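Student: Could you take me through one part of this structure up close? I'd like to look at the sheet in the second chain and then see what surrounds it.

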Amino acid sequence: MDVRVLVGSKKGAFILESDSARRDWRVQGPFCEHWPLTHVGADPSTQTIYAAGGNAWFGPAVWKSSDFGASWSHSSAGLAFPQGETPVQCAWVVHAAHGRLYVGVEPAGLFVSDDGGASFREIEGLRRPPTRPQWQPGGAGLILHSIVSDPADPRRLWVGISAVGVFYTEDGGETWSPRNTGTRCDFLPEGERYPEFGQCVHNIAMAPGHSNRLYQQNHCGMYRSDDGGLSWNSIEAGLPSSFGFPVAAHPRDAETLFFLPLNGADQGRYPPEGRAAVWRSRDGGAHWADRRAGLPQNGAYFGVMRQAMATDALDPAGVYFGASNGSVYGSRDEGESWTCLARDLPAISSIETLTT
Amino acid sequence: MKPALVRLPLLLTALFPGADRIVEIEAETVAEVIDALEARWPGMRDRLTDTSPAIRRHINIFVAGRRARLDTALQPGADVYVLTAVSGG
């Protein structure tokens, strides 16, 4: 069995390859003509790799490789809003599910491809929430950066938009409703910190085998939902900070999840005290333990972005994250111990895995 | 009509395997040049223009030594340079 860690970076895609032992890693790349990529993901059912990005010269596109990176093509056919509207700036995230490829873009929009990334069409229902004219961008823009799907029901999707919050559809994208109850906005005046929308969601993940169990890293807190996002409960007690970007779910255990807290939104956004740690819960977020063996414990002032942590499908599960200093760290024992798999890559924006 | 001589940047042609760096195109406007490039190498329009519609912000197209827009007219045999602007980090 081969394991690939897919790396999206400011200067193209990289692929780290290993076998099931996950001891020795080979770095391949850069791919995609050095385009800035915000996300590189895969469709495990077809073993196809997709990369989302936006080039300052050439605009947004989705790259595709069907041979594990040996060759690539790109397309933005149909990946556009109607003429005259603010053009799509960047393809931000890819998500394969039920034979389709979903793409989130900036400014906030959702597209789908039914032909494996050759062409795209907009899911126009996301234009229709009545609050849409009031949506405001977060620090990285008005971006649709997270897509979660229900493995059992192709009509159910959740998206994360900054700084708007989580929206949900159960009719394949025709109608959407906010799913932000219980997530707070510390940046709003007292008494107004739990609005219907306007939350700065950073990343969402679904627990395996429980399509109503969602985990969320927000600009303001870590959360868990057991009802498909209708309500969220804080699970940040026991963590060193309420701020961070990624969240990763275990591939089989719905109670196990991983956060990588940074020291704070306005304090530099690096690991607390410059000591890197991944925090793991085995009970759905009730209790937390830091796991830092093998991670730098002195002078680690990197950031880890919203898409930049993932688990693999092996047993025990591998956990990986990529940092803004171009380092990729991996654990092959569910976070207990870590090794540096690659260093000195460009600033890393995303980490995903593909098991063959 | 004598065709325009259109020069494409390497960064662009690298995205379209087999694309030429210098192309002769019969066209009366820059928009028609873009149409012809799209016909030869599908997808090239999206790399050069957005849906404003306009030439992308960091793409420069020069005609007879002057920065052009989509509706800029071409004289027979015009020299057209497609260039990538200074950008990135």
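**A sheet in chain B**

Tutor: Let's start with one pair of residues: Arg7(B) has Ile22(B), in E2(B), as its bridge partner. Keep in mind that this is a predicted model. That pair belongs to strands E1(B) and E2(B); E1(B) covers residues 4–7, and the two run antiparallel to each other, with four bridges between them. As a bit of background, strands in a sheet are paired by hydrogen bonds of the backbone, in either a parallel or an antiparallel way.

Now zoom out a little. E1 and E2 of chain B sit in an open sheet of five strands, and if you walk across you meet E2, E1, E7, E5 and E6, with mixed pairing. At the edges you find E2(B), residues 22–25, and E6(B), residues 66–67, and each of these has a pairing on one side only.

What about the nonpolar cores? The largest one has 104 residues, and Val7(A), Val103(A) and Val328(A) have the most contacts inside it. Its top contributor is strand E8 of chain A, residues 90–97, which supplies six residues. Apart from that core there is another, of 25 residues, which includes Val6(B), Leu12(B), Val30(B) and Val82(B). Back in chain A, Val103(A) touches Ala91(A) and Val94(A), among others, leaving aside residues up to four places away in sequence.

Finally, look at where the chains meet: 16 residues of chain B and 13 residues of chain A take part in the contact. On the chain B side, five are nonpolar, seven polar and four charged.

Methods
Residues are numbered from 1 along each chain as its sequence is written. Chains are lettered from A and ligands numbered from 1 in the order in which they are written. This is a predicted model: local features need pLDDT of at least 70, side-chain atom pairs count only at pLDDT 80 or more; totals for chains, interfaces and linings use all residues. A nonpolar core is a set of buried Ala, Val, Leu, Ile, Met, Phe, Trp, Tyr and Cys residues joined through C-beta atoms within 7 Å. A residue is buried if 20 or more other C-beta atoms lie within 10 Å of its own, exposed if 12 or fewer, and partly exposed in between; C-beta atoms are placed from the backbone. Two residues are in contact if their C-beta atoms, placed from the backbone, lie within 7 Å. Two strands pair if DSSP finds at least two bridges between them. Ala, Val, Leu, Ile, Met, Phe, Trp, Tyr, Cys and Pro count as nonpolar, Asp, Glu, Lys and Arg as charged, and the others, Gly among them, as polar.
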